[in-house]
Amino acid sequence: MKIYTKTGDEGDTSLFGGGRVRKSDMRVEAYGTVDELNSFVGLALAEVSDPSIRDGLVGIQHDLFALGASLATPARDGERPTPHTPELPAGRIEEMERWMDAAAEELPPLREFILPGGSRGAAALHVCRAVCRRAERTVVQLNENVAVEPGVVPYLNRLSDLFFVWARLENLRTGRKDELWAKE
């Protein structure tokens, strides 16, 4: 099977579930940004040293793949927006909140802004956070025009918070201090 089809050479692409749109379409931008985020999560997996964070990242990759499939599927009238794609796991947002609460017990209180960076794993998680925020903004914009699964925006919002907390936790557990923003 060939990977290239040449069907997108004129600037359009097929959607999951049927139909074609321009590659500049907001739906393509949204699922493309989620795909980019998933790629950065893969990079973070290669850099993060903490096994509990790594385990969480593996599940998140599967979530993001399902989320991207959902965004790539146009809704049919009167149906769930994406009836043929897997739903995000029930309770995942609450699970992410539990992970953040557990990390907060270990982390020193945050009283100042920190700069992205530290260990390689923490830096990769900060990139994930920034790309996740962009994905969230893109999905919000898409949702202004077409139906998006109701849990997608809250999922991305919580996920970006989780990446921030995990970046701090990775730094702590690898003996690196968060770099504070010098306001001068």
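## An exposed Phe, a helical core and two free cysteines

Phe-113 sits out in the open here: with 60% relative accessibility, this residue counts as exposed. Keep in mind that this is a predicted model. The chain has 184 residues, and 41% of them count as buried. Below is a quick tour, from the overall layout to a few individual side chains.

**Overall layout**

- The chain contains five helices and four strands.
- Going along the sequence, these elements come in the order β-β-α-α-α-β-α-α-β.
- Long-range contacts are well represented: if you take contacts between residues at least 6 apart in sequence, 72% of them join residues at least 24 apart.
- About 10500 Å² of the chain is exposed, and carbon and sulfur atoms supply 53% of that area.

**The nonpolar core**

- The largest nonpolar core is made of 41 residues, and those with the most contacts inside it are Leu-37, Leu-57, Leu-156, Leu-159 and Phe-163.
- At least two residues of this core come from each of helix 1 (26–47), helix 2 (51–71), helix 3, helix 4 (120–143) and helix 5 (152–173).
- The biggest contributor to this core is helix 5, which gives ten residues.
- What does Leu-37 touch, leaving aside its neighbours within four places in sequence? Its contacts are Leu-64, Cys-128, Val-131, Cys-132, Leu-156, Leu-159 and Phe-163.

**The two cysteines next to Leu-37**

- Both Cys-128 and Cys-132 are in contact with Leu-37.
- Cys-128 counts as buried, at 0% relative accessibility, and Cys-132 also counts as buried, at 0%.
- How many disulfides does the structure hold? The count is zero.
- Cys-128 is in no disulfide, and the nearest cysteine sulfur, that of Cys-132, is 8.4 Å away.
- From the other side, the sulfur closest to that of Cys-132 is in Cys-128, and 8.4 Å is too far for a bond, because a disulfide needs the two sulfur atoms within 2.5 Å.

**Aromatic pairs**

- The chain has two aromatic pairs.
- Phe-113 and Trp-181 make an edge-to-face pair, with 5.9 Å from centre to centre and 70° between the planes.
- That pair links distant parts of the chain, 68 residues apart: Phe-113 is in the loop between helix 3 (92–106) and strand 3 (114–115), while Trp-181 is in the segment after strand 4 (179–180).
- Phe-113 is exposed, whereas Trp-181 is partly exposed, at 41% relative accessible area.

**Asp-63, a buried acid**

- Asp-63 lies in helix 2 and counts as buried, with a relative accessibility of 2%.
- Which side chain does the side chain of Asp-63 meet in a polar contact? The partner is Tyr-155, at 2.8 Å.
- Not counting residues up to four places away in sequence, Asp-63 touches Leu-88, Pro-89 and Arg-92 as well as Tyr-155.

**Ser-119, ahead of helix 4**

- You'll find Ser-119 in the loop between strand 3 and helix 4.
- Is Ser-119 buried or exposed? Ser-119 counts as buried, at 9% relative accessibility.
- The Ser-119 side chain reaches the backbone nitrogen of Ala-122 at 3.1 Å.
- Once neighbours within four places in sequence are set aside, the contacts of Ser-119 are Glu-170, Asn-171, Thr-174 and Arg-176.

Technical notes. Residues are numbered from 1 along each chain as its sequence is written. This is a predicted model: local features need pLDDT of at least 70, side-chain atom pairs count only at pLDDT 80 or more; totals for chains, interfaces and linings use all residues. Side-chain values use heavy atoms; hydrogens and water are left out. Rings of Phe, Tyr and Trp (its six-membered ring) pair if their centres lie within 6.5 Å; planes under 30 degrees apart count as stacked, over 60 as edge-to-face and the rest as tilted. Buried means under 20% relative accessible area, exposed over 50%, partly exposed in between (1.4 Å probe, protein chains only). Contact means heavy atoms within 4.5 Å. Accessible areas come from the Shrake-Rupley method with a 1.4 Å probe; for residues, only the protein chains shown count as cover. A nonpolar core is a set of buried Ala, Val, Leu, Ile, Met, Phe, Trp, Tyr and Cys residues joined through side-chain atoms within 4.5 Å. A polar contact is a pair of N or O atoms within 3.5 Å; within protein, one must be able to donate a hydrogen and the other to accept it, and residues adjacent in sequence count only if both atoms are side-chain atoms.
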